[in-house]
Amino acid sequence: MRRLLAAAALAAAAAAGPATAADPARGAARAAEACAACHGVDGRSTQPGIPSLAGQPAEFITLQMILFREGLRQVPAMNEVARGLPDPAIEDLAAHYAALPPGPPPDRAPRDAALAERGRALSARMNCGVCHLPDYAGRAQIPRLAGQREEFLAATLREYRDNRRVGTDTQMNAVMYGVTDPDIAALAHYLAQRD
Ligand code: HEC
Ligand code: HEC
């Protein structure tokens with residue numbers, strides 16, 4: 001059932017693609033009203049547990065919004081926000097956030113050199129940059145990680161490991177299988193410190 005719905009969501013996103021022209025200005029107007037209070041006025045979140053969206057690939061945002069809308073990614077706040085949102089509105093929002101310059105949140109923690117080095121070595125060994133790109137900017141359905149909020153990265157990596165978060169595919173669940181909490185903390189710190 002889950003897999004079928006995810007496939008349907010993907011098909012819907014693909015079908016909506018070339019037929020409509022996403023409008024970042026329309027997206028900006030809706031975002032100011034419906035998203036900025038939580039995700040930040042410039043798309044850089046200042047709130048623990050809420051991810052920054054600035055600079056995320058449009059395709060990633062679109063697909064995650066569809067997962068929220070269909071209840072496949074379960075986060076009450078986002079399921080509420082996405083309920084009934086038509087595909088074109090989602091694509092406008094995605095175009096808006098993808099165009100905003102990414103950057104770290106204003107409350108980013110100071111760098112812990114030893115922890116960051118441990119995270120760098122783990123990321124290299126686990127091939128994170130092969131999919132997320134060597135500068136962790138993401139592409140297409142794969143999210144940007146550089147400069148993301150550290151506590152969000154750690155929490156969401158634990159969710160993938162524990163199969164509490166399932167995405168448009170199960171790649172991240174496989175990547176995180178059996179990874180320890182201390183290793184997750186090191187990965188999250190390293191990625192949050194990247195610009
Ligand atoms: C009430 C607060 C709130 C509002 C309003 C809100 N969000 Fe969110 N959003 C969240 C939280 C919390 C999460 C992270 C949930 C998690 O995975 O733990 C999230 C996650 C997301 C994600 C996934 C990002 C990622 O990196 O995984 C996207 C995309 C998103 N929101 C888009 C939007 C858009 C677009 C709007 C406006 C239409 C919006 N949100 C409004 C709280 C909010
Ligand atoms: C085989 C390709 C692949 C590899 C390798 C990979 N990822 Fe991912 N990653 C993805 C995809 C695809 C997604 C989006 C999945 C979804 O829809 O939830 C993702 C999502 C994520 C997210 C969610 C971010 C957000 O904003 O919601 C984090 C964090 C993440 N990956 C971190 C990592 C780390 C750390 C590593 C290395 C330990 C890694 N990834 C390796 C493909 C990969």
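This is a short talk on one protein chain and the two ligands modelled with it, going from the overall fold to the ligand shells, two helix pairs and two single residues.

Please keep in mind that this is a predicted model, in which local features need pLDDT of at least 70 and side-chain atom pairs count only at pLDDT 80 or more, while totals for chains, interfaces and linings use all residues. Residues are numbered from 1 along each chain as its sequence is written, and chains are lettered from A and ligands numbered from 1 in the order in which they are written.

Let me start with the whole chain. Its secondary structure comes to eleven helices and zero strands, where helices (H or I, at least four residues) and strands (E, at least two) are DSSP runs, numbered from the N terminus. Of the 195 residues, 37% count as buried, and by buried I mean that 20 or more other C-beta atoms lie within 10 Å of the residue's own, with exposed standing for 12 or fewer, partly exposed for in between, and C-beta atoms placed from the backbone. If we take contacts between residues at least 6 apart in sequence, 74% of them join residues at least 24 apart, a contact being two C-beta atoms, placed from the backbone, within 7 Å.

Now the ligands. Around ligand 1 there are 20 residues, of which Ala-34, Cys-35, Cys-38, Pro-51 and Val-75 come nearest; a residue counts as near if its C-beta atom, placed from the backbone, lies within 6 Å. Two or more residues of this shell come from each of α2 (24–34), α3 (36–39), α4 (58–69) and α5 (76–82). By class, the shell has 16 nonpolar, four polar and no charged residues, where Ala, Val, Leu, Ile, Met, Phe, Trp, Tyr, Cys and Pro count as nonpolar, Asp, Glu, Lys and Arg as charged, and the others, Gly among them, as polar.

Ligand 2 is surrounded by 23 residues, with Met-126, Cys-128, Cys-131, Pro-143 and Gly-167 the closest. Here α8 (128–132), α9 (150–161) and α10 (171–176) each supply at least two residues, and α8 gives the most, with four. This shell divides into 13 nonpolar, nine polar and one charged.

How do α4 and α6 pack, and at what angle? Their axes, which are lines fitted to C-alpha atoms over the stretch in contact, with angles from 0 to 180 degrees between N-to-C directions, lie 8 Å apart at an angle of about 140°. The two helices are therefore oblique to each other, since angles under 35 degrees count as roughly parallel, over 145 as roughly antiparallel, 65 to 115 as roughly perpendicular and the rest as oblique. The residues of this contact divide into ten nonpolar, one polar and one charged.

For the second pair, the axes of α7 and α11 (residues 181–193) come within 7 Å and cross at roughly 100°, and that makes α7 roughly perpendicular to α11. This contact has seven nonpolar, four polar and three charged residues.

Finally, two single residues. Leu-100, in the loop between α6 (87–99) and α7 (113–125), is partly exposed, with 19 other C-beta atoms within 10 Å. Leaving aside neighbours within four places in sequence, Leu-100 is in contact with Asp-42, Gly-43, Ala-54 and Gly-55. Is Thr-156, in helix α9, buried or exposed? Thr-156 is buried, because 21 other C-beta atoms lie within 10 Å.
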